[in-house]
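Good morning, and thank you for joining. I should like to take you through one structure, beginning with a single strand and then turning to a ligand site.

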Amino acid sequence: MPILEVNNFGKRFTIHHLNKTMHAVEQIHFSLKPGEFIGIIGKSGSGKSTILKSIYRTYLPDQGSILYDSKRFGTIDLSKATERQMLFLRKYEIGYVSQFLNVMPRTTSRQLVEHSLLEMGESEDRARMEAENALIHFELDPKLWDTYPNTFSGGEKLRLNIAMATVKQPRLLLLDEPTASLDQQSKKKVREVIEKLKRNGTTLVGIFHDIEFMEGLCDKVYDMKTKHFIYEKEDECIV
Amino acid sequence: MYEKPILKVRHLHKQFGKGCTQCQEGHSESLQKNYCPKCGTVYACRDVSFDLFPGEILGIVGESGSGKSTMMQCLYFDEAVTSGEAYVNDSDLMGKNMFELSAQQKRSIRNHKYGMVYQNPVHGLKMDFSSIGNIAEKLIAAGKRYVNEMEATSKNLLDSVHIPLFRMKEEPQNFSGGMQQRVQIAKALSNNPPILFLDEVTTGLDLSVQANVLDLIKKIQRELGISMVVVSHDLAVIRMLADRTVVMLNGSIIEEGLTDQILEDPQRAYTQQLVYSLI
Ligand SMILES: Nc1ncnc2c1ncn2[C@@H]1O[C@H](COP(=O)(O)OP(=O)(O)O)[C@@H](O)[C@H]1O
Ligand SMILES: Nc1ncnc2c1ncn2[C@@H]1O[C@H](COP(=O)(O)OP(=O)(O)O)[C@@H](O)[C@H]1O
Ligand SMILES: [Mg+2]
Ligand SMILES: [Mg+2]
Ligand SMILES: [Zn+2]
């Protein structure tokens, strides 16, 4: 039973003042089993981010269905879920990470990670402890814990972003080119993080611009051009 | 649905003026925005419906004149609605349209269920009462009787909105705009309301003061889990505070969605214009 099944998904954008409607993506099909990692590749503008943002409902899905096997709601079509259901899922089940840090201003790294936990109902003590563990785990310099992240480097922002998303132990994690602006060393760290998440059973959908990075990491690779999987790890896909 | 709204608003309608054959209760095409040029009737709120859920901040955004304040004043019983319904999830009031309750019952809802923070502190505070007295007044209305207890509560509240202890006996008229707004928030919170209305509470404040008040609101929501309706013409304010956002234009709701979706994938022409002007 797949945890995520995208059927005939399509998304149009209408820009009223230009009187223009354009198809960002069409006819996307793919599905993932729990614990799998699927990578999506395709040239810039081919609609990769649109797919991820539509799953997370930052974009309003348009055509097709996005069936997610939720712990709380059972199988739910994310394109039709209520806003409140989506907020619940974002809080407890589905995470989203990009290279951009989009957070409450004037909030320290530590507070941000703690909030991730507190909003799930963790106690203050637990939140404090787990937040510190996460910050250590993702190797954010302790000097930065009690500062605002707006001045952080790309790598630091990303690690904070990932820490915020992963302390929640999401069932499904969406990664939109998280490594885009990172140096080789930081990329390696991200890779380790992803491996760790996978081992813990998180299902992942990731967009990466370099295929090299995905090698050995993804169970499947979906190509936007052919609209097919161009790679499926053997031991996973024979069934 | 997996949860019950704490406040349900249905078909709220508010007009100023009697209407005429030309404007036909606001359905006519001949209106200029919300206004009938023939009879002068203003259709300030038209068929406004929404739900407010426990612990959430619902943002309501729209240009000046779109009916936001009128809607809030109707909900808070400052203004009588023309028609419509509102329900609060409370065992005593279950299934009762609050707009049809007696004046006394409405007062009781204001005293026990609601808090209101107005754009202009003059409407929420007695400017020539001490700050602590302003809060005590609301506590008395909510049924508190013990002076010591009230004083302690008031001090706590003022402290939590960062009014220094030594200024608590001062009148709000001596305070800066940001401080007045913080006293107003403390007062609105004093009866522990499950529902808080905030109407343009940062409009007109300096940016740094604005940030300070926004942080306070966010903190209150996080720590007390109060449900809030936050109204602003400024999408930047809504972006900071609200999980869900409703867009109003000419008295009607024209779009609603998750706040990030409204910002990144606005559907209606008006909302797109609003978002583009933010960037
Ligand atoms: N919010 C948006 N509004 C309008 N058009 C958009 C929006 N987001 C993406 N698009 C358009 O959709 C197409 C796909 O974009 P995107 O999903 O970002 O591609 P990718 O991530 O593969 O580079 C592009 O033509 C882009 O301009
Ligand atoms: N007491 C009143 N009498 C007549 N018109 C009013 C009155 N109060 C508000 N209005 C009108 O109702 C409309 C909505 O106003 P308001 O609710 O203050 O909008 P907003 O808060 O969105 O700026 C406006 O056209 C306004 O002029
Ligand atoms: Mg992209
Ligand atoms: Mg107003
Ligand atoms: Zn008329």
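**Strand E8 of chain A and the ligand 2 site**

In E8(A), the residues Thr203(A), Val205(A) and Ile207(A) point one way, whereas Leu204(A) and Gly206(A) point the other way, and all are buried. In a regular strand, side chains alternate between the two faces of the sheet. The strand spans residues 203–207 and is mostly covered, with five of its five residues buried. Please bear in mind that this is a predicted model, with an ipTM of 0.94 and a pTM of 0.95.

Which strands pair with E8(A)? Strand E3 of chain A, residues 37–41, does so in the parallel sense over four bridges, and there Ile207(A) is the bridge partner of Ile40(A). Strand E7 of chain A, residues 172–176, also pairs with E8(A) in the parallel sense, over five bridges; here Val205(A) is the bridge partner of Leu174(A). Between E7(A) and E8(A) the chain passes through helix H6, residues 184–199 of chain A, in a right-handed β-α-β crossover.

Let me now turn to chain B, where the average pLDDT is 94 and 100% of the residues score at least 70. The unreviewed UniProt entry annotates residues 26–275 of this chain as "domain: ABC transporter". That stretch is 39% helix and 20% strand, and its end C-alpha atoms are 27 Å apart.

What surrounds ligand 2? The shell includes Phe16(B), Asn34(B), Lys68(B) and Thr70(B). Its residues divide into three nonpolar, eight polar and one charged. Strand E2 (42–52) and helix H1 (68–75) of chain B each supply at least two residues, and H1(B) gives the most, with three.

Methods:
Residues numbered from 1 in each chain as written. Chains lettered and ligands numbered in written order. Predicted model: local features only at pLDDT ≥ 70, side-chain atom pairs only at ≥ 80, totals over all residues. pLDDT = per-residue confidence, 0-100. Near = placed C-beta within 6 Å. Nonpolar A, V, L, I, M, F, W, Y, C, P; charged D, E, K, R; others polar. UniProt positions renumbered as here; feature names shortened; annotations may be inferred. Buried ≥ 20, exposed ≤ 12 C-beta atoms within 10 Å, placed from the backbone. Pairing = 2+ DSSP bridges. Right-handed = clockwise from strand over helix to strand, strands pointing away.
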